[in-house]
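Visitor: I am new to this one. Please show me the sequence and the structure, and then take me through a few points.

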Amino acid sequence: MSREAILNTVRTALGRNGGQAIAEPPPVRLRVADVDSETRIASMLRAVEALGGKTRRAPGGEDARAYVSAVLAGKTAVASNAPFLRECGIVDLAGVQSGFTDEAALRAVCAVADVGITSADYALADTGSLVMLASPAEARLISLLPPAHIAVVPKERVLSGLDELLTILPLPAGQTSSMVLITGPSRTADIEQILVRGVHGPGEIHVVVVG
Amino acid sequence: MSAAFDEKVHNTLADANLQLAIYRATARLIDHRKHAVTTAALPDYQELRTQANAIKRHTIDHLDYYLEQFEANVTGHGGKVVYCQDATEVADFVLGLAKERGAQLIVKSKSMTTEEIDLNERLEHHNLESVETDLGEYILQLAHQRPYHIVAPALHLTRYDVGDLFARTLGVSNETVVEKQTLIARAVLRQKFLAADIGISGANFLVADSGAVVLVENEGNARLTTSAPKIHIAVAGIEKLIPRAQDLAVFLKLLGRSATGQALTVYTSFLSGPRRAGEIDGPEEFYVVLLDNGRTKLLADPGKRESLYCIRCGACLNHCPVYRKIGGHSFPWVYSGPIGAIITPQFLGIEHEPSLPFASSLCGACAEVCPVKIDIPKVLLDLRAEVKQAEQRRGANCLERLAFKLWAWLMCRPRFYEMAAMVAAGVAPAGNGKWLRSAPALMNLPPVRAWLSQRDLPPSPAKSFRELWRKR
């Protein structure tokens with residue numbers, strides 16, 4: 001079996017013995033910026049727009065619901081099971097399907113829906129990223145298969161950046177099998193370096209910060 | 001230089017369209033990176049490079065420990081780690097699993113490691129359909145070509161090439177608008193994603209304390225590859241490890257910026273095992289293939305071990321004056337540019353293309369932009385020394401050795417050197433101050449001819465340095 005062969009070759013190459021202790025690794029380097037909430041939110045929205053996304057600062061759930069309703073304008077949508085979407089009344093909008101716990105049914109709906117609606121576990125202000133942890137509340141395919149994605153995020157979840165995220169969540173694997181950072185709409189520049197949005201993932205992204 | 005290498009270099013240099021394509025693409029990538037690492041954009045850029053180098057050094061120096069830690073954590077989350085020595089072992093594993101599960105269709109996201117082992121060809125040989133899903137890689141698979149660049153695989157093709165290719169291979173109308181070409185690929189590949197039995201990805205990082213595979217990408221194809229099929233297999237070189245999830249705060253800031261000038265790529269996936277209880281979608285089986293394929297040979301050499309720190313950002317290619325002229329396909333293997341010039345001979349054996357370490361001007365641009373501070377010029381010099389020592393042992397290239405002995409003798413004797421320089425300046429063709437492109441009749445000897453076939457000689461100055469120095 002190649003496991004032992006490879007590990008032994010590695011040890012021989014490094015002059016180490018099996019089970020030998022290691023030197024202390026370089027200390028973790030995390031620099032959490034001290035930025036107030038409003039500055040973070042403004043930075044988040046600016047970053048999303050710079051990437052070609054659309055944004056909305058909603059004072060409350062009612063306004064968030066109105067924004068989503070205006071974006072949908074008769075389109076079909078699939079919403080995640082995030083409690084916050086229910087609180088805002090977004091799952092009750094016309095054309096929105098929600099409450100899926102079965103993969104096959106969810107996949108069939110995501111494959112044809114115009115819009116996917118999710119919340120986000122966190123958002124990163126400096127890069128404009130949404131942080132999505134797979135869970136019973138958030139399926140992976142909703143932010144992936146439909147051509148447009150709307151994320152509705154309570155303002156408390158907007159962090160300063162990646163360093164703060166990894167300070168709060170030093171071991172993401174302890175919580176989920178999948179953490180995805182979404183930074184703007186899906187894009188490619190593979191042909192003649194010409195930018196095209198919406199290759200495999202959503203080409204249209206809306207971020208609504210609520211509160 | 002081998003005849004094959006020589007011919008590819010000459011063909012690339014003679015193709016004006018290709019020269020323009022390489023120049024434009026690399027110039028744009030250089031520009032994007034430059035703006036992303038300014039003091040205003042990333043004040044601690046140099047500190048991050050130093051930290052990245054320190055973390056990689058530590059991890060590689062204790063690689064056995066981190067491999068075992070990674071394996072224990074993957075297993076703990078219900079995944080499985082498979083160690084493979086070479087291409088055959090990887091193919092056998094995938095084929096065996098596909099057979100057991102009755103799988104027929106595989107979707108693949110971009111991975112240099114699977115290019116390295118020709119995985120698609122090996123799978124297709126056994127009647128499995130294996131489809132590349134990154135737009136650039138998909139184009140190349142249809143064209144039966146290998147990547148031209150680590151991060152911009154199809155940079156040598158125009159939209160007209162793509163239009164012809166899609167019309168010929170997909171039976172669609174010849175479309176030359178890039179947006180429409182992208183939609184064609186999206187439609188074809190969407191069906192593949194939804195029908196695929198297995199998704200195969202690479203890995204940008206393997207995180208030891210989490211048992212996680214980290215993938216960065218812009219299109220969403222890697223997310224689909226690792227989310228839609230029931231089985232996810234990540235194929236990664238053993239050098240991809242980093243100790244802690246928190247170290248991503250260093251590496252992710254450097255990778256996107258160095259590659260394309262992005263603070264973060266559109267999608268960064270951190271995947272640790274199959275879907276858990278309650279999670280609605282995601283793979284039910286999760287495998288990480290850890291590939292050696294020559295990497296342990298490199299580990300055994302402390303002087304060149306740092307070649308394994310590479311995070312495949314491609315910045316050294318973009319900034320290399322040699323890559324920018326000879327392009328990606330002149331290189332003998334899948335890895336091109338400065339990083340290709342140092343890892344190809346070490347993975348495959350130096351005899352594979354002994355002239356590769358010499359295909360560099362040693363200008364140092366690669367080391368200057370490397371986000372993990374690999375001293376590429378130093379490794380190139382070490383490899384050159386190895387090639388020359390091997391030649392000496394074989395007794396090959398006697399003429400060159402004699403010439404250098406003579407040179408060394410001359411350099412130690414200033415008066416003789418000056419006389420020789422005057423003679424050389426006297427017999428050298430005037431050239432009217434122009435660069436000399438081919439050997440004049442009198443000097444048209446094989447070594448001179450060979451040297452000038454690859455290079456141009458600058459005009460000799462009116463006055464030598466020594467003359468100017470004396471008159472100072």
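**A sheet and some cysteines**

Guide: In chain B, six strands (E, DSSP runs of at least two residues, numbered from the N terminus) make an open parallel sheet, ordered E1-E10-E7-E4-E2-E3. This is a predicted model, in which local features need pLDDT of at least 70, side-chain atom pairs count only at pLDDT 80 or more, and totals for chains, interfaces and linings use all residues. Residues are numbered from 1 along each chain as written, chains are lettered from A and ligands numbered from 1 in written order, and side-chain values use heavy atoms, without hydrogens and water.

Visitor: Which strands of chain B stand at the edges of the sheet?

Guide: Strands pair if DSSP finds at least two bridges between them. An edge strand here has a single partner, so one side of it has no neighbour in the sheet. The strands are E1 (80-84) and E3 (129-132) of chain B.

Visitor: Which residue stands opposite B:Val81 in E10(B)?

Guide: E1(B) pairs with E10 (residues 285-291) of chain B in the parallel sense, over five bridges. Opposite B:Val81 in E10(B) is B:Val288.

Visitor: How many disulfides are there over all chains?

Guide: A disulfide is a pair of cysteine sulfur atoms within 2.5 Å. The sulfur of B:Cys313 has its closest cysteine sulfur in B:Cys316, 6.4 Å away, which is too far for a bond. For B:Cys363, the nearest is that of B:Cys366, at 6.3 Å. Over all chains, the count of disulfides is zero.

Visitor: Is B:Cys313 buried or exposed?

Guide: Buried means under 20% relative accessible area, exposed over 50%, and partly exposed in between (1.4 Å probe, protein chains only). The relative accessible area of B:Cys313 is 6%, so this residue is buried.

Notes. Helix = DSSP H or I, 4+ residues; strand = E, 2+ residues; numbered from the N terminus.
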